[in-house]
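Student: Could we take a close look at one part of this model together? I am new to it, so please go slowly.

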Amino acid sequence: MAEIQSHRDLIVWQKAMDLTVEVYRLAERLPSRETFGIYSQATRAAASVLADIAEGHGRQGSREFANFLSIARGSLSELDTFLELGRRLGYFTTEDLTVTTGLSQEVGKMTTTLRRNLASR
């Protein structure tokens, strides 16, 4: 198993990066009137997940990292809410959200598992 040198080595961070890129791609399809609404909120939430994982990893202790992973989970819920709002408003179909939803669920499971492992140290 390779040693983790940086947040970039974390698979959860890599998946969160994939999620963030997908959210930006999806958000580009929103009408311009949503620039400061769903577009801004969804992309910010996705980027927050990514940033919180990186920042937590850069902190000194397991307890701090676990706290940032908890914050990332909250941002995942926020992201889910804005994507569902976009779907209900007719901007996205359920099929449009398949990849994003799958990545979000995967990142959520990974952050939960990592957080539990950190707590048991």
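Student: Which element does the largest share of the lining of the second largest pocket come from, and how many residues does it give?

Tutor: It is helix 4, which supplies six residues, the largest share of that lining. Before we go on, please keep in mind that this model is predicted: local features need pLDDT of at least 70 and side-chain atom pairs count only at pLDDT 80 or more, while totals for chains, interfaces and linings use all residues. Numbering starts from 1 along each chain as its sequence is written, and side-chain values use heavy atoms, without hydrogens and water.

Let's start with the pocket itself. The second largest pocket (an open set of points on a 1 Å grid over the protein atoms alone, where a 1.4 Å probe fits, with protein on both sides within 12 Å along at least five of seven lines) holds about 180 Å³ of space. That volume is the space filled by probe spheres set on the points, which are joined across faces, edges and corners. Its lining, meaning residues with an atom within 4 Å of a point, consists of Arg73, Leu76, Ser77, Asp80, Leu83, Thr100, Thr101, Ser104, Gln105, Gly108 and Lys109. Helix 3 and helix 4 are the elements that give two or more residues here; helices are DSSP runs (H or I, at least four residues), numbered from the N terminus. By class, six of the lining residues are polar, three are charged and two are nonpolar. In this scheme Ala, Val, Leu, Ile, Met, Phe, Trp, Tyr, Cys and Pro count as nonpolar, Asp, Glu, Lys and Arg as charged, and the others, Gly among them, as polar.

Now look at how those two helices meet. The axes of helix 3 (residues 62–88) and helix 4 (residues 98–119), lines fitted to C-alpha atoms over the stretch in contact, come within 9 Å and cross at roughly 160 degrees. That makes helix 3 roughly antiparallel to helix 4, the term for angles over 145 degrees, on a scale from 0 to 180 between N-to-C directions. In their contact (heavy atoms within 4.5 Å), helix 3 brings residues including Ser62, Phe65, Arg73, Leu76 and Leu83, and helix 4 brings Thr100, Ser104, Gly108, Lys109 and Leu118, among them. The residues of this contact are eight nonpolar, seven polar and three charged.

Helix 4 also meets helix 1 (11–27). The axes of helix 1 and helix 4 come within 9 Å and cross at roughly 155 degrees; these two helices are therefore roughly antiparallel to each other. Ile11, Lys15, Asp18, Glu22 and Leu26 are among the helix 1 residues that meet helix 4, where the partners include Val99, Thr100, Ser104, Met110 and Leu114. The contact of helix 1 with helix 4 divides into 11 nonpolar, three polar and four charged residues.

Finally, follow helix 4 to the largest pocket, with a volume of about 520 Å³. There helix 4 again gives the most to the lining, with four residues. Of the 20 lining residues, Ile4, Leu10, Phe65, Leu114 and Arg121 lie nearest the centre of the largest pocket. Helix 1, helix 2 (35–58), helix 3 and helix 4 each supply at least two residues of this lining, which by class has 10 nonpolar, six polar and four charged residues.

Technical notes. Parallel < 35°, antiparallel > 145°, perpendicular 65-115°, else oblique.
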